[in-house]
Amino acid sequence: MPINLKGRSLLSLKDYTPEEIKYLLDLSFDLKSKKRAGIKTENLKGKNIVLIFDKTSTRTRAAFEVAALDEGAHVTFLTNSQMGKKESIEDTAKVLGRMYDGIEYRGFKQKVVEDLAKYSGVPVWNGLTDEAHPTQGLADVMTMMEFIHKPLNQMKVVFIGDTRNNVANTLMRISAKLGMHYVAVGPESLKPSDDIMNEALETAKETGAIIEYTSNLDGVKNADVIYTDVWVSMGEEDKMPERVELLTPYRVDMNLIKRTENPNVIFLHCLPSFHDFETIVAREAKERGLDIREVTDEVFRSRHSKVFDQAENRMHTIKAIMVATL
């Protein structure tokens, strides 16, 4: 059947079928090729989009703004509203739904983005919550498709480190939906939640995916993708010493890349990344005796690394989401 996503929100990839996800990926490639060719499509001409950010952002904000403007939409960046302060989320959603054709939200609780969708009456897109990062997951798979020359159901994806964060949850979910082999590798205290794991395993029964967790670094063998993220998520800064102790054995260095036994393995990261000491946060941590690098600079800058292609693909997949749902 033809895929029609008009009017749909994207709160989590849990709500999308494998066919719908593949449709969004196909549309992403089509829109990317048109942008590269200088073809103006303006599918969103006359549309108004509001972006709400309760968490800081580089790629997500830039991607939404450029993607919307490429397609002819007008964008409002809203950070100083009364939402949740002097006005309820429900009331704010009802107001914004009268003025805008689509709403992006990036923040903490999943319930906020769900309430925006429930009360606004327009498509709402999750730009990141504590639970999920669906626009990132689509860009991740798009990048894999560009650089790994085999079908998705033959790819092995390994997420290493804090395997229960929002990016890892999303990567596990989309891997299960698309029939991929996903392995979470990290300490037991940071393993995926039972709820997310069981959901992925149930999906895998229908798609043929393989979903695994291990604390053993041997789990990286034969990986097509090594993926990691920062060891301390936004809002968890007080846990930095504990995380460094737990996760240092899982730092992605060239020895770990070689351990995959795949000379063509690619390295992915949602960014920002601590791969050197050129940031204030990394330098201050180092002064306290903490090396917070989740990946070495050698790997980050190597031929294996596709992190900037991946970052660019945020724009193309976000564009596809907005075009498809508006």
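Start by selecting Lys 34, which is partly exposed, with a relative accessible area of 26%. You are looking at a predicted model, so please read every value on this tour as computed from that model. Lys 34 sits in helix H1, which covers residues 18–36. Now add Glu 71 to the selection: 37 residues separate Lys 34 and Glu 71 along the chain, and their C-alpha atoms are 11 Å apart.

**Helix H2**

Next, select residues 59–70, which make up helix H2. How far apart are the end C-alpha atoms of H2? They are 16 Å apart, in agreement with the 16 Å that twelve residues should span at 1.5 Å a residue. Colour the buried residues of H2 and you will pick out Arg 59, Thr 60, Ala 63, Phe 64, Glu 65, Ala 67, Ala 68 and Asp 70. Following H2 comes Gly 72, with a positive phi near 90°.

**Salt bridges**

Time to show some charged side chains. Side chains of opposite charge can pair when their charged atoms come close. In this model the count of salt bridges comes to 20, and a few of them make good stops.

Go to helix H4, residues 110–120, and select Lys 111 and Asp 115; they are four residues apart, about one turn of the helix. Their side chains meet in a salt bridge, at 2.7 Å from N to O. Is each partner buried or exposed? Asp 115 has 14% relative accessibility, which is under 20%, so Asp 115 counts as buried. Lys 111 has 53%, which is over 50%, so Lys 111 counts as exposed.

Move on to helix H7, residues 194–207, and select Glu 202 and Lys 205. Because these two are three residues apart in H7, about one helical turn separates them. The salt bridge between their side chains is 2.8 Å, N to O. Lys 205 counts as exposed at 65% relative accessibility, while Glu 202 counts as partly exposed at 45%.

For the next stop, select Asp 291 and Arg 293. These residues form a salt bridge in which the closest N and O atoms are 2.8 Å apart. Asp 291 is partly exposed at 23% relative accessibility, and Arg 293 is buried at 18%. Then select Lys 35, Asp 70 and Lys 319, which are joined into one network by salt bridges that share partners. You have already met Asp 70, one of the buried residues of H2.

**Aromatic rings**

There are four aromatic pairs in the structure. One of them is Phe 300 with Phe 308, whose ring centres are 5.8 Å apart and whose planes stand at 90°, an edge-to-face arrangement. Show a surface here and compare the partners: Phe 300 is buried, with a relative accessible area of 8%, whereas Phe 308 counts as exposed at 56%.

**Backbone stops**

Switch to a backbone view for this part. Most residues other than glycine have a negative phi, and most peptide bonds are trans. With that in mind, try three selections.

- Leu 271 and Pro 272: a cis peptide bond joins them, with omega about 0°. Pro 272 is placed in the loop between strand S9 (266–269) and helix H10 (280–287).
- Leu 128: this residue is not a glycine, yet has a positive phi of about 140°. Leu 128 belongs to strand S4, residues 124–128, and counts as buried at 7% relative accessibility.
- Glu 261: phi is positive here too, near 60°, in a residue other than glycine. Glu 261 is in the loop between helix H9 (254–259) and S9, and counts as exposed at 56% relative accessibility.

**A pocket to finish**

Which residues lie closest to the centre of the second largest pocket? Select Phe 147, Ile 148, Asn 264, Val 265 and Ile 266 to find out: they are the closest of the 13 residues that line this pocket. The volume of the second largest pocket is about 170 Å³. Colour its lining by class and you will see five nonpolar, four polar and four charged residues.

Conventions
Residues are numbered from 1 along each chain as its sequence is written. This is a predicted model: local features need pLDDT of at least 70, side-chain atom pairs count only at pLDDT 80 or more; totals for chains, interfaces and linings use all residues. Side-chain values use heavy atoms; hydrogens and water are left out. The expected span of a helix is 1.5 Å times one less than its number of residues. Buried means under 20% relative accessible area, exposed over 50%, partly exposed in between (1.4 Å probe, protein chains only). On a 1 Å grid over the protein atoms alone, a cavity is a set of points where a 1.4 Å probe fits but cannot get out, and a pocket is an open set with protein on both sides within 12 Å along at least five of seven lines; lining residues have an atom within 4 Å of a point. Grid points are joined across faces, edges and corners, and a volume is the space filled by probe spheres set on the points. Ala, Val, Leu, Ile, Met, Phe, Trp, Tyr, Cys and Pro count as nonpolar, Asp, Glu, Lys and Arg as charged, and the others, Gly among them, as polar. A salt bridge is a side-chain nitrogen of Lys or Arg within 4 Å of a carboxyl oxygen of Asp or Glu. Rings of Phe, Tyr and Trp (its six-membered ring) pair if their centres lie within 6.5 Å; planes under 30 degrees apart count as stacked, over 60 as edge-to-face and the rest as tilted.
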